[in-house]
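Work through the exercises below with the sequence and the 3D structure at hand. Try each task before reading its solution.

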Amino acid sequence: MSDELIIGPDRTGRVVSLRDGLVVAGLPDATLRLACPEGEILPGAVCAHTHIYSGLVPYGMPAPAEAPQNFLQILRRIWWRLDRALDADTLRAAAEDYVAKALLAGTTTLIDHHESPSLIAGSLAILAEVCERLGMRALLCYGATERNFGADEAGRGLAECESLVDTSLVRGLIGLHAGFTVSDETIRAAGELARQRKTVLHVHVAEDNADVADARARGYRGPLERLRSLDALVPGSILAHGVHLGADEIHAANAADCWLIHNPRSNEGNRVGYAKVLGGGRRVALGTDGWNADMAEEQAALDRLGRQNDDKTIGGRLAAGQRLVAERFGAATAALAPGALADLVIRQNGRVRHVLVGGRLVIADGGLVTGSMEEIAETARKQADRLWKRMEAL
């Protein structure tokens, strides 16, 4: 498709002009046009925190031998076994399936937090290649941790973050798993690296009370205060969850222009609580924490849980993700305005019909343009069987 494209008018009369991956004020009438008279042009959805490596989970991941009773047991018996079992083939299959389904759902950016302790070096290159090939915008990082192999593991994780080459579609962040799995030295190093790379930190913060208890046992008032004390609360950083932050910590996050990411389905599923405290956040976006990246489903869960918890502050969190991404890519923050990223969706009768990312058509008439969904799903099924066997062997 041409680098110049006019979309519309849609059923509301909206017309959007695209050039070189951005929205522009207008183009000549003779420019190639994508008609959508019965559709509606909307900004592409952003999943502000996820784990692409979980993409094979829907293909029959077996339950743990012993049912977990708390959050730490959920991590140890399920997710930390899954990430240790990943190799290059299973990771690539998971990424292809997750990214393709996200695009089909109208999600045009994934902000990912990756971990594969048996495959650290080169793991982000696999994710970046899949996103580039299928046409997904992404912010990627490796979540450095010491939980398996100590400080050496953390160092290799930070080195993997540093290795990622930025492109027009993929940008790198600096990742930490969570404070309770890293030392002060690793946190300090992550902050220094983020500043050197002119990027920000992406880290789980106070998802469960275990993170809070760990920070206090180390002599800090909480996990956010620990980040700040170690000079790692880099302005603009992405703090996932925040369920058990205090109001003073939310204030500190606001002061540092940090993004707080609400993941309502995951928080409910992991029984860690509802993040009502995020209502005090100035910059709060919506993520899925590894659940599918259909943001309409996540928004519906947020609406339901917001009503249950009498939370009247939840408006605008999906749109906030678009501003977060624009910030990291240096684009205009007003969606569909001149200078904004050319990431948009055309919905017709409530369903995704077309999706463009960076001005490139990646979903047309409800089908994946950049790959075969049937082949991706078949590969995912085969690699999922391998992954379950690898998990069983751990």
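## Exercise 1: two pairs of packed helices

In this predicted model, α2 passes α3 in a right-handed crossing.

**Task.** Find the angle and the axis distance at which α2 and α3 pack, and list the residues that meet.

**Solution.**
Step 1. Two packed helices are described by the angle between their axes and by the distance between the axes.
Step 2. For α2 and α3 the angle is about 35 degrees, and the axes are 9 Å apart.
Step 3. On the α2 side, the residues are Ala88, Leu91, Arg92, Ala95, Glu96, Val99, Ala100 and Leu103. They meet Ser123, Ile126, Leu127, Val130, Cys131, Arg133 and Leu134 in α3.

**Task.** Decide whether α1 is roughly parallel or roughly perpendicular to α12.

**Solution.**
Step 1. Helix α1 spans residues 71–85 and helix α12 spans residues 373–393. They pack at an angle of about 110 degrees, with axes 9 Å apart.
Step 2. Angles of 65 to 115 degrees count as roughly perpendicular, so α1 is roughly perpendicular to α12.
Step 3. The crossing of these two helices, α1 and α12, is right-handed.
Step 4. From α1, the contact uses Ile78, Arg81, Leu82 and Ala85. From α12, it uses Leu387, Trp388, Arg390, Met391 and Glu392.

## Exercise 2: one residue of α3

**Task.** Is Leu124 buried or exposed, and which residues does it touch beyond four places in sequence?

**Solution.**
Step 1. Leu124 lies in helix α3, residues 123–134.
Step 2. Its relative accessibility is 1%. A residue under 20% is called buried, so Leu124 counts as buried.
Step 3. Not counting residues up to four places away, Leu124 touches His114, Leu140, Cys141, Tyr142, Glu160, Cys161 and Leu164.

## Exercise 3: an open sheet

**Task.** Give the strand order of the four-stranded open sheet, and name its edge strands.

**Solution.**
Step 1. The order is β6-β7-β8-β10, with parallel pairing.
Step 2. β6 (45–50) and β10 (170–172) pair on one side only, which makes them the edge strands.
Step 3. From one strand to the next, the twist averages 10 degrees.
Step 4. Strand β7 covers residues 107–112 and is joined to β6 by four bridges. Within this pair, Val46 stands opposite Thr109 in β7.

**Task.** Which strands of this sheet are touched by α2, and which by α11?

**Solution.**
Step 1. α2 packs on the sheet and touches β6 and β7. The direction of α2 makes about 140 degrees with that of β7.
Step 2. Helix α11 (residues 317–329) also packs on the sheet, touching β6, β7, β8 (137–140) and β10. With the direction of β8, that of α11 makes about 75 degrees.

## Exercise 4: strand pairs and the core

**Task.** Describe how β13 pairs with β12 and with β14.

**Solution.**
Step 1. β12 (residues 201–205) and β13 (residues 238–241) run parallel and are joined by four bridges. Val205 stands opposite His241 in β13.
Step 2. β13 and β14 (residues 259–262) pair in the parallel sense over three bridges. Leu239 has Leu260 in β14 as its bridge partner.

**Task.** How many residues has the largest nonpolar core, and which helix gives the most to it?

**Solution.**
Step 1. The largest nonpolar core has 118 residues. Among those with the most contacts inside it are Val99, Leu103, Leu227 and Leu239.
Step 2. Helix α2 (residues 88–104) gives the most to this core, nine residues.
Step 3. Another core, of 15 residues, lies apart from it and includes Val16, Leu18, Leu356 and Leu361.

Conventions:
Residues are numbered from 1 along each chain as its sequence is written. This is a predicted model: local features need pLDDT of at least 70, side-chain atom pairs count only at pLDDT 80 or more; totals for chains, interfaces and linings use all residues. Side-chain values use heavy atoms; hydrogens and water are left out. Buried means under 20% relative accessible area, exposed over 50%, partly exposed in between (1.4 Å probe, protein chains only). Contact means heavy atoms within 4.5 Å. A nonpolar core is a set of buried Ala, Val, Leu, Ile, Met, Phe, Trp, Tyr and Cys residues joined through side-chain atoms within 4.5 Å. Two strands pair if DSSP finds at least two bridges between them. Axes are lines fitted to C-alpha atoms, for helices over the stretch in contact, and angles run from 0 to 180 degrees between N-to-C directions. Angles under 35 degrees count as roughly parallel, over 145 as roughly antiparallel, 65 to 115 as roughly perpendicular and the rest as oblique. A crossing is left-handed if the near helix is turned anticlockwise from the far one by less than a right angle, and right-handed if clockwise.
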